[in-house]
Amino acid sequence: DAYKHMGEVGKILIEHTDRVKELSFIEKYIELTTDRPTIHPSFNLPGTSTGRLSSKEPNLQQLPKTKRMMDLFIARPGYIWVDLDFKALENVVAAELSDDPNLYNLYGDDVPENDSHLFLASHIGAWKEAIALSGYQPYNPPPGSVAKAKKECKAQRNKAKTVVYACIS
């Protein structure tokens with residue numbers, strides 16, 4: 001975050017950091033494809049605190065989503081490559097299965113962009129004021145307020161996120 005406030009030097013440092021991160025993934029891919037042309041990650045369900053899948057050898061879920069990185073993945077002849085991001089999938093499924101009206105307010109049709117973890121955190125007394133000061137309004141968040149609150153109230157959101165996934169796992 002500090003780089004963003006450093007002008008042109010900060011932009012150069014951000015670009016350098018991004019390239020170093022990409023390079024660490026590329027080096028691993030080269031290592032894994034020396035004996036075969038395909039990558040086969042391992043997926044784990046146990047061992048994550050949220051109940052989500054994790055992957056390793058290589059970790060394909062945390063790779064930078066840049067065009068340079070995505071261009072490294074080529075489908076076999078006769079196949080197509082599909083990259084999906086199941087953002088909030090667990091919460092959407094929980095809304096559907098529970099018929100919870102609060103979850104429908106977050107994930108229903110024609111609702112403004114929101115975040116269930118911020119929504120929960122904004123209802124916890126100790127965090128309510130800090131989250132409100134960020135400009136976030138849980139039932140009708142103004143444009144841009146979700147991203148701002150995620151940044152400014154990261155600790156509160158992460159704790160609420162742990163609670164959400166513990167409850168639906």
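Trainee: What makes the link between the side chain of Asp-115 and the backbone nitrogen of His-117 a polar contact?

Mentor: The side chain of Asp-115 reaches that nitrogen at 3.0 Å. A polar contact is a pair of N or O atoms within 3.5 Å; within protein, one must be able to donate a hydrogen and the other to accept it, and residues adjacent in sequence count only if both atoms are side-chain atoms. At 3.0 Å the pair is within the limit, so it is called a polar contact. A polar atom of the Asp-115 side chain also lies 2.8 Å from the backbone nitrogen of Leu-118.

Trainee: What kind of model is this?

Mentor: This is a predicted model, in which local features need pLDDT of at least 70 and side-chain atom pairs count only at pLDDT 80 or more, while totals for chains, interfaces and linings use all residues. Residues are numbered from 1 along each chain as its sequence is written, and side-chain values use heavy atoms, leaving out hydrogens and water.

Trainee: Why is Asp-115 called buried?

Mentor: Buried means under 20% relative accessible area, exposed over 50%, and partly exposed in between (1.4 Å probe, protein chains only). Asp-115 has 7% relative accessibility, so it counts as buried.

Trainee: Which residues is Asp-115 in contact with, leaving aside its neighbours within four places in sequence?

Mentor: They are Tyr-136, Val-146, Lys-150 and Arg-157. Contact here means heavy atoms within 4.5 Å.

Trainee: Where does Asp-115 lie?

Mentor: Asp-115 is in the loop between α4 (101–107) and α5 (116–121). Helices are DSSP runs (H or I, at least four residues), as are strands (E, at least two), numbered from the N terminus.

Trainee: And how do you know whether Ser-134 is buried or exposed?

Mentor: Ser-134 has 2% relative accessibility, so it counts as buried. This residue sits in the loop between α6 (125–133) and α7 (145–152). Its side chain reaches the backbone oxygen of Ile-131 at 2.6 Å. Beyond four places in sequence, Ser-134 is in contact with Lys-148, Ala-149, Glu-152 and Cys-153.

Trainee: How do you know what span is expected for helix α1?

Mentor: The expected span is 1.5 Å times one less than the number of residues. Helix α1 (residues 7–32) has 26 residues and reaches 38 Å from its first C-alpha to its last, close to the 38 Å expected.

Trainee: Which residues of α1 are buried?

Mentor: Gly-10, Glu-22, Phe-25, Tyr-29 and Leu-32 are. The buried residues of α1 pack against α2 (67–70).
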